[in-house]
Amino acid sequence: MTDGPLIVQSDKTLLLDIDHPLSTECRRAIAPFAELERSPEHIHTYRLTPLGLWNARAAGHDAEQVIDTLIKYSRYAVPHSILIDVAETMSRYGRLRLEADPVHGLILVTTDTAVLEEVIRARKIAPLLGARIDAETIAVLPSQRGAIKQSLLRLGWPAEDFAGYVDGQAHPIELVQKDWKIRPYQELAAEGFWHGGSGVVVLPCGAGKTIVGAAAMAHAKATTLILVTNTIAARQWREELLKRTTLNEDEIGEYSGSKKEIRPITIATYQVMTKKKNGVYAHLDLFDTHDWGLIIYDEVHLLPAPIFRFTADIQSRRRLGLTATLVREDGMEGEVFSLIGPKRYDVPWKEIESQGYIAPAECIEVRVNLTEGERLLYATAEPENRYRACATTRTKRNVVEALVEKHAGEQVLVIGQYIDQLDELSETLGVPLIKGDTPIKEREILFNKFRTGEITCLVVSKVANFSIDLPDATIAIQVSGAFGSRQEEAQRLGRILRPKADGRTAKFYSVISRDTIDQDFAQNRQRFLAEQGYSYKIIDADDVFQGKI
Amino acid sequence: MRSFSDYLRSIDDAAFLSLFSARPDLVIPVPPDIASLAVRACSAPSLARAIDSLNQWQFQVLEAAGTLTEPFILKSLIALTDKAAAGALEHLISIGLIYPSDDGMRLPTQLRDVIGNEPAGLGPVSIAKLKLAELDNAPTDAMKVLERLIWGPPRGSVGDIKNPGPGVTWLLERKFLVPLDQRTVILPREVAIYLRGGKTHRENLINPPVLAGTKRDERQVNLAAIANISTVLRWVEELLNFWAEEPADALRAGGLGVRDLKIIANHLGVDESCTAFITELAYLTSLISVDSDDRIMPSNKFDIWLMQTPADRWQVLASAWLITSRVSGLVGRAQAKNVAALGPELDRVNASRVRALTLSILSENQSIAPDAPSFIALMNWRAPVRRNSSLQEELAAWTLREAEWLGISGQGAISKYGVGFLNGDDLNLINDDLPKTVDHILIQSDNTAIAPGPLEHEISQQLAIMAEIESRGGATVYRFSEATIRRALDHGKTGDEIKAFLIKTSKTPMPQPLEYLIVDVAKKHGKLRVGNTSSFIRCEDTALIAQIMNDKKLEMLALRRIAPEVVICDHDAADTMRILRESGYLPAAESSNGLMLSGSRKNRALTKPRPPRVIGEIEAPSEDLLNTAIRAIRTGEKSSHKQTRLRQVASEALGALPRTTANETMDLVNRFIQEEKSLSIGYADNNGSVTHRIIDPIRVSAGALIARDHATGEVQSFRIPRITGVAPL
């Protein structure tokens with residue numbers, strides 16, 4: 001028994017004691033093959049998954065190294081079954097290779113004919129294959145490169161992809177680092193992506209994912225398609241690219257509901273890409289008709305299903321996914337990994353915070369007591385209306401008022417789910433409201449006023465959940481949400497994580513009705529952030545009224 | 001010539017000791033005298049047991065001896081085998097499978113029956129004189145026939161004996177083949193041995209095959225083993241704690257259903273074969289008991305077991321496993337009928353023998369993790385597959401797997417704990433080597449608590465009630481949720497107690513959300529109180545009453561509100577509670593005088609545990625016991641010798657029918673069968689009247705003496721219990 005920082009559990013989780021002197025060293029050693037699952041304050045949880053082990057193989061680590069690392073840092077004896085499992089899993093990688101053959105095009109080659117025989121007999125694989133070339137080689141339909149990789153992965157025989165990427169149409173792009181400097185983790189992320197070929201970069205909200213995208217483009221030096229969630233986000237990408245790179249206005253096009261520009265760098269919204277005209281996706285051609293060298297998926301956790309399908313067909317183009325929270329309540333994380341690519345870079349939120357690149361934040365849950373009347377209303381509500389009934393109570397409005405008053409002079413965002421509630425709040429507080437039917441132009445004006453400090457408080461609906469860059473917002477007050485969505489909670493916190501000029505701590509309030517399902521949902525919503533090491537403080541609404549906080 | 005019993009009378013105590021150590025069934029129970037000892041030693045079951053203990057080479061030598069006519073000498077045995085046969089012969093003599101008579105070596109009478117009529121695939125001795133040299137010039141047709149029969153079985157079928165092919169004809173003419181019936185011919189022994197080059201076996205397997213495997217580092221082996229030991233102790237404890245909360249129902253035919261097995265496998269986070277192994281361990285050691293309602297529950301012994309040191313706890317498990325005839329590997333085997341864990345169908349006669357053999361191979365090859373094929377080869381040399389041994393290879397594989405689970409081995413090689421256990425050493429080193437227990441947990445703000453090592457027992461018991469285990473291993477990860485806090489409250493803890501316990505145990509400050517969670521649940525817990533007989537729901541909170549009255553999920557309860565704070569219902573209290581809980585409420589039970597019914601619960605079965613009986617193997621007796629047995633037999637021998645003499649004197653005086661004791665009868669019969677002499681017996685007929693017969697004994701089989709009666713000239717069977725006495729003519 002050593003006194004290492006790592007505990008290897010029999011269910012393939014690794015517990016890392018971060019208060020241990022060797023923890024940083026150990027974290028670096030296990031990061032290539034173990035996936036970070038949770039990083040709360042004392043013990044971080046990593047997990048050994050086949051995908052993680054195969055990625056490690058792809059990056060040139062072998063089973064022996066992995067086993068040595070586990071044994072070296074483990075506090076207790078490593079379960080033998082895990083060592084065997086690691087060796088077996090890793091030995092499955094690389095027996096099949098996808099290669100580009102000058103004569104036959106895309107081919108599947110094996111070093112182990114038995115494996116090839118096994119996979120070509122699989123029902124899901126057979127239709128993707130072409131003619132058998134020899135005992136070790138079989139042709140693959142070029143259009144099925146993504147599909148076959150996905151199916152092989154499911155069969156447990158991942159193919160190493162040596163077929164390479166198309167370079168796309170070259171286009172010069174450089175970063176311009178005049179009054180700013182790329183941060184070390186952004187550089188690592190971009191390099192990690194570039195060496196891996198394709199993949200997903202996970203960084204906290206506000207940690208500058210756009211710059212990772214720009215750096216990736218500077219690596220690719222080719223025409224790029226950027227897919228974003230909405231028009232506002234598209235414009236922000238454009239601003240950033242103009243500011244950070246050698247690109248000029250004419251080189252960047254917007255492809256959205258209102259504009260259909262195709263330029264060397266084209267920024268398109270998911271919405272327009274998935275719009276159907278006469279039952280067909282009219283704009284998906286955009287992927288195909290241009291020789292893109294790089295495709296960037298912003299907020300990849302929101303990737304809609306049709307894009308998934310289409311992404312499978314463009315496996316020869318480099319793909320970069322960006323997200324802060326790769327948790328999907330629909331459990332589609334696996335699809336993201338197999339179609340966009342594996343996770344290439346991931347770092348705990350708290351670590352970026354400690355480096356000062358995102359603002360420290362305090363999460364506060366304010367519990368309000370419902371009045372007797374409200375309780376009765378809640379109690380008798382139909383199940384489907386229950387959440388709404390308790391999330392939109394009148395009592396909450398008073399608390400929000402008190403909080404806004406308390407933080408007068410700071411930039412405050414009030415975020416909610418239900419439009420009626422937001423309308424009321426906007427009226428009570430006397431501040432403007434941005435919601436789904438607010439025209440883009442007006443939204444931009446309001447956001448700009450907020451940025452300059454002309455308005456200090458805004459009420460926003462879920463349209464502002466993502467990709468809205470509001471550097472000076474320091475306070476967010478959440479009154480209702482999409483039930484128990486963990487990533488929404490994280491994204492909303494993300495709106496206030498841009499580092500403040502004066503190093504101020506951001507405050508994230510959730511106003512919750514006590515003893516209702518509002519409280520249960522809040523618990524689920526908070527899980528992701530709690531696992532990232534944010535600890536919630538619970539206070540009573542009365543404390544707010546009495547100014548005790 | 002000397003009989004086997006004469007031989008036994010001639011040997012010294014040391015020889016007895018080695019005989020009895022090798023064949024403990026001879027002294028359990030202790031026989032009254034040497035005659036009865038000889039009878040037992042020559043009985044088919046005892047001989048079969050003794051043969052089972054032989055290795056491949058010893059068995060080859062025994063087979064070779066079986067092909068010789070008695071009496072034989074060592075030289076002819078060596079001629080058939082190898083010089084090394086001398087050593088094997090010595091062993092065969094020491095365990096009484098061959099004995100030296102005054103005229104040469106002989107076999108106990110029934111031994112030939114036990115090893116079969118065709119030892120080493122050889123046919124009977126030829127009656128005719130054979131010119132074996134002619135075989136060297138046998139025509140090709142004849143050679144083809146011979147090639148098929150030479151290595152046995154020696155019988156072959158021909159289309160029609162009257163119209164054989166040219167090869168068979170050539171052989172029949174020279175008596176190199178003997179017709180058995182219309183369609184069968186047999187190859188005489190001499191012919192086969194001649195063609196085998198004067199040997200009985202193709203290859204003399206004198207030396208055991210070398211065990212191949214991976215060399216392991218001793219330190220790593222012991223580390224892995226100690227991890228396995230702590231794991232298996234944890235598994236057993238968790239299994240029983242689980243059954244204390246939710247007893248499993250035994251199947252009507254006995255045993256544990258597949259569904260229950262799966263539930264436990266899921267709970268423990270192991271596969272089903274491992275689960276079957278753990279449940280069987282608990283069963284073997286009486287830690288579980290089936291109560292009168294057929295529920296499987298921990299017994300009182302579990303509490304005693306828990307109080308022991310880890311080393312003692314482990315020893316209890318390992319010892320029971322070592323000797324059991326039950327084979328948990330049979331549970332859920334692919335392509336086989338489903339056999340239930342804890343059920344009645346798991347006993348296999350050779351299980352503990354194979355287990356002991358497997359472990360002894362492991363301990364003879366320390367720091368080697370054997371490769372399976374090589375292990376099986378060595379195993380089959382040490383214990384050649386014979387009757388009842390169809391499972392031998394699987395049994396060996398299961399034993400290796402189970403030894404790893406138990407920590408007798410680590411990384412496939414035997415550990416120092418395993419060696420110590422097999423040698424019967426003090427196992428306290430397990431207590432020293434197990435990771436030190438920790439007395440604290442780390443609570444984190446995501447509502448998890450981590451015990452960074454094995455927790456002290458008291459703490460882990462408490463935590464198991466308050467939190468769900470999320471991950472197991474060297475450390476344990478617990479998760480708190482509303483449901484787990486409620487469970488703790490149901491066990492009679494108050495919110496403050498839970499909080500105080502966690503604050504005391506945690507090294508890190510208690511995160512506020514957890515504190516709130518506990519307070520919230522405690523505040524709500526018991527707000528709803530449910531009665532038992534005429535079930536009612538009482539709540540001071542009218543809004544909550546309104547809520548449940550309006551809850552569509554509770555419609556099935558048919559609630560009626562009888563007062564602003566009380567609702568009654570027709571279902572019994574348990575159902576009501578369940579449905580309420582399922583709908584997200586937090587009710588508590590209430591007694592007739594209005595007190596909340598909750599208290600610490602530890603379910604234990606009331607019935608006495610009945611561990612399974614060990615069948616098949618006889619445990620090796622201690623040396624003391626063997627010495628006592630030898631003394632007892634010698635004393636018995638003296639007195640029965642005297643009695644026989646007295647009876648003989650009396651019968652000679654009276655001229656009556658011969659009278660001998662049952663054991664003397666068998667002894668004499670065995671002797672006369674060998675000497676092929678006629679004898680006179682007294683035989684009782686169906687009416688009990690005793691007649692005098694003169695017979696030529698042929699053999700003993702199934703409790704009867706087969707003999708030719710001189711009066712009728714026919715071969716008939718005489719039932720041995722009816723033989724009143726035997727005397728030579």
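In the predicted model, B:Gly492 adopts a positive phi of about 95° just after helix H23 of chain B. This helix spans residues 482–490, and its buried residues include B:Thr484, B:Ile485, B:Ala488 and B:Leu489. Seen down the axis of H23(B), the buried residues fall within an arc of 145°, so they line one face of the helix. An α-helix has 3.6 residues a turn, so residues three or four places apart point the same way. The partners against which the buried residues of H23(B) pack are helix H22 (457–466), strand S15, helix H24 (495–505) and helix H25, which belong to chain B.

Strand S15 of chain B also takes part in an open sheet of 4 strands, which has the order S13-S14-S16-S15 and antiparallel pairing. The edges of this sheet are formed by strand S13 (442–443) and strand S15 (468–471) of chain B, each of which pairs on one side only. Between S15(B) and strand S16 of chain B, residues 476–479, the antiparallel pairing extends over 3 bridges, and B:Glu468 is found opposite B:Arg479 in S16(B). Strands of a sheet pair through backbone hydrogen bonds, either parallel or antiparallel.

With regard to the interior, the largest nonpolar core contains 143 residues, and B:Val236 and B:Leu317 are those with the most contacts inside it. Helix H12 of chain B, which covers residues 218–245, gives the most to this core, contributing 14 residues. When neighbours within four places in sequence are left aside, the contacts of B:Leu317 are with B:Val232, B:Val236, B:Leu281, B:Thr285 and B:Leu406. Another core, of 110 residues, lies apart from the one to which B:Leu317 belongs; among its residues are A:Ala473, A:Ile475, A:Ile477 and A:Tyr536.

Between the two chains, 27 residues of chain B are in contact with 31 residues of chain A. On the side of chain B that touches chain A, H12, helix H25 (512–524) and helix H26 (542–550) of chain B each supply at least two residues. The residues on this side of chain B comprise 14 nonpolar, 11 polar and 2 charged.

Chain A itself has 549 residues, of which 48% are buried, and its secondary structure consists of 22 helices and 25 strands. Among the contacts in chain A with a separation of 6 or more, 72% are accounted for by residues 24 or more positions apart.

Conventions:
Residues are numbered from 1 along each chain as its sequence is written. Chains are lettered from A and ligands numbered from 1 in the order in which they are written. This is a predicted model: local features need pLDDT of at least 70, side-chain atom pairs count only at pLDDT 80 or more; totals for chains, interfaces and linings use all residues. A nonpolar core is a set of buried Ala, Val, Leu, Ile, Met, Phe, Trp, Tyr and Cys residues joined through C-beta atoms within 7 Å. A residue is buried if 20 or more other C-beta atoms lie within 10 Å of its own, exposed if 12 or fewer, and partly exposed in between; C-beta atoms are placed from the backbone. Two residues are in contact if their C-beta atoms, placed from the backbone, lie within 7 Å. Ala, Val, Leu, Ile, Met, Phe, Trp, Tyr, Cys and Pro count as nonpolar, Asp, Glu, Lys and Arg as charged, and the others, Gly among them, as polar. Two strands pair if DSSP finds at least two bridges between them. The arc is that of the directions from the helix axis to the C-beta atoms.
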